[in-house]
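Here are some short exercises to work through with the structure open in your viewer. Try each task yourself before you read the solution.

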Amino acid sequence: MSLRAEIEGDWHAALAALCWQYDCGVDEFVVDEPVNRYDLPETLNPPAPAARPAARGTTRQPAAPEVPDAPAKVDPVAEARALAARAPSLAALQAALSQFEHCEVKKGARNTVFADGNPEARVLILGEAPGRDEDIEGRPFVGRAGQLLDQMFGAIGLTRDAEEASRALYITNVLPWRPPGNRDPEPAEIAMMQPFVERHISLANPEVIVALGNVPLITLTGQGSILKSRGKWMTALKRPLLPMVHPAYLLRNPAAKREAWADLLTLQARLRG
Ligand code: URA
């Protein structure tokens with residue numbers, strides 16, 4: 001089957017094919033023959049709008065070109081702030097996120113990955129963005145990194161399935177949509193998601209936040225150097241924040257698991273204390 005036939009009608013396949021070409025270095029499309037754009041048919045170069053007839057008795061003025069009203073400029077961050085502020089509950093916040101159309105990554109995502117676990121939990125884990133498995137399933141941290149996350153926090157008695165708040169986890173991400181090719185979220189994307197993240201944390205009202213990796217650390221504190229900050233208590237949104245390295249980093253660097261274990265014990269001591 002040709003590539004064209006394969007992608008026809010499937011938005012995700014088309015995007016994946018485009019990303020693949022981009023990753024291969026394609027940044028411009030060149031056709032076989034040079035194109036003289038002055039010779040293109042009229043339909044591609046519409047004529048200027050006709051001048052209005054002058055009113056009787058007036059001197060004829062050159063007609064001003066009709067300029068269509070420019071669409072009102074939208075400030076995505078201001079809109080995110082307004083939508084998030086109006087959400088009185090987690091369900092309303094989830095609905096507000098599905099109405100928000102200014103984040104480009106949403107267009108390529110299958111699901112809005114909102115959260116998982118127990119919203120009553122004492123500990124809220126903030127990750128970066130869904131990956132492929134999370135995008136398909138619609139739940140955060142269900143792929144390999146998620147399995148490691150479950151093992152890590154399970155080792156100190158915290159799980160996303162627990163009904164009891166003291167043993168539970170609540171898990172969400174800075175971005176609820178998978179960025180194409182799992183690229184890092186861009187600063188503008190983080191900025192427009194920040195009001196939603198802050199409202200999410202305020203509504204869930206955890207006792208402690210754990211930031212997994214640089215993206216959540218930057219989102220919550222404005223600074224990001226996870227390898228320097230990990231394991232040290234900070235404050236964000238007037239709550240204790242513990243930065244830890246992302247489980248995906250631990251999968252690539254198993255030697256860092258020793259430090260991650262120390263960070264988990266730091267969290268456990270705080271919860272016990
Ligand atoms: N990595 C994240 O940061 N979040 C997920 O949900 C999955 C992988």
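**Exercise 1. List what methionine 193 touches, then place that residue in the wider core.**

Step 1. Leaving out residues up to four places away in sequence, Met193 touches Leu97, Phe100, Cys103, Val174, Leu175, Pro176 and Trp177.

Step 2. Now zoom out to the largest nonpolar core, which has 61 residues. Met193 is one of the members that touch the most other members, along with Phe100, Ile125, Phe153, Phe196 and Leu267.

Step 3. Ask which element gives this core its largest share: that is helix α8, residues 187-204, with 7 residues.

Keep in mind that you're looking at a predicted model throughout.

**Exercise 2. Get an overview of the chain: how many helices and strands are there, and how much of the chain is buried?**

Step 1. Count the elements: the chain has 12 helices and 6 strands.

Step 2. Check burial: of the 273 residues, 37% are buried.

Step 3. Look at the contacts with a separation of 6 or more: 69% of them join residues 24 or more positions apart.

**Exercise 3. Work out whether asparagine 173 is buried or exposed, and describe its surroundings.**

Step 1. Find the residue: Asn173 sits in strand β3, which covers residues 169-173.

Step 2. Compare its accessibility with the cut-off. Asn173 has 6% relative accessibility, so it counts as buried, given that buried means under 20%.

Step 3. List the neighbours, again skipping residues up to four places away in sequence. Asn173 touches Leu126, Gly127, Glu128, Ala129, Pro130, Pro140, Phe141 and Val197.

Step 4. Pick out the polar detail: a polar atom of the Asn173 side chain lies 3.1 Å from the backbone nitrogen of Glu128.

**Exercise 4. Describe the largest cavity: its volume, its lining and the elements that supply it.**

Step 1. Start with the count, which comes to 1 cavity of 30 Å³ or more. The largest cavity has a volume of about 80 Å³.

Step 2. Go round the lining: Leu97, Val113, Phe114, Thr172, Asn173, Val174, Pro176, Met193, Phe196, Val197 and His200. You'll recognise Met193 from Exercise 1 and Asn173 from Exercise 3.

Step 3. Sort the lining by class: 8 residues are nonpolar, 3 are polar and none is charged.

Step 4. Trace the lining back to its elements. β3 and α8 each supply at least two residues, and α8 gives the most, with 4.

**Exercise 5. Now do the same job for the largest pocket.**

Step 1. Take the volume: about 680 Å³.

Step 2. Look at the lining, which has 27 residues. The closest to the pocket centre are Glu128, Ala145, His246, Ala248 and Arg252.

Step 3. Sort by class: the lining has 12 nonpolar, 7 polar and 8 charged residues.

Step 4. Find the elements. At least two lining residues come from each of α6 (132-137), α7 (144-154), α9 (214-221), α10 (226-229) and α11 (247-252). The largest share, 4 residues, comes from α11.

Step 5. Link back to Exercise 3: Glu128, among the residues closest to the pocket centre, is also the one whose backbone nitrogen lies 3.1 Å from a polar atom of the Asn173 side chain.

**Exercise 6. Two residues other than glycine have a positive phi: locate asparagine 182 and leucine 237, and say how exposed each one is.**

Step 1. Take Asn182, with a phi of about 55°. This residue is in the loop between β3 and α8.

Step 2. Asn182 counts as partly exposed because its relative accessibility is 42%; that class runs between 20% and 50%.

Step 3. Turn to Leu237, whose phi is near 50°. Leu237 lies in the loop between β5 (234-236) and β6 (239-244).

Step 4. With 31% relative accessibility, Leu237 counts as partly exposed too.

**Exercise 7. Finish with glutamine 223: where does it lie, and what does it touch?**

Step 1. Gln223 lies in the loop between α9 and α10.

Step 2. At 46% relative accessibility, Gln223 counts as partly exposed.

Step 3. Leaving out residues up to four places away in sequence, Gln223 touches Leu217, Ile218 and Met234.

Note on methods. Residues numbered from 1 in each chain as written. Predicted model: local features only at pLDDT ≥ 70, side-chain atom pairs only at ≥ 80, totals over all residues. Heavy atoms only, no water. Core = buried A, V, L, I, M, F, W, Y, C linked by side-chain atoms within 4.5 Å. Buried < 20%, exposed > 50% of the residue type's maximum accessible area, 1.4 Å probe, protein only. Contact = heavy atoms within 4.5 Å. Polar contact = N/O pair within 3.5 Å; in protein donor to acceptor, adjacent residues only side chain to side chain. 1 Å grid on protein atoms, 1.4 Å probe; cavity = no way out; pocket = protein on both sides within 12 Å on 5 of 7 lines; lining within 4 Å. Points joined across faces, edges and corners; volume = space filled by probe spheres on them. Nonpolar A, V, L, I, M, F, W, Y, C, P; charged D, E, K, R; others polar.
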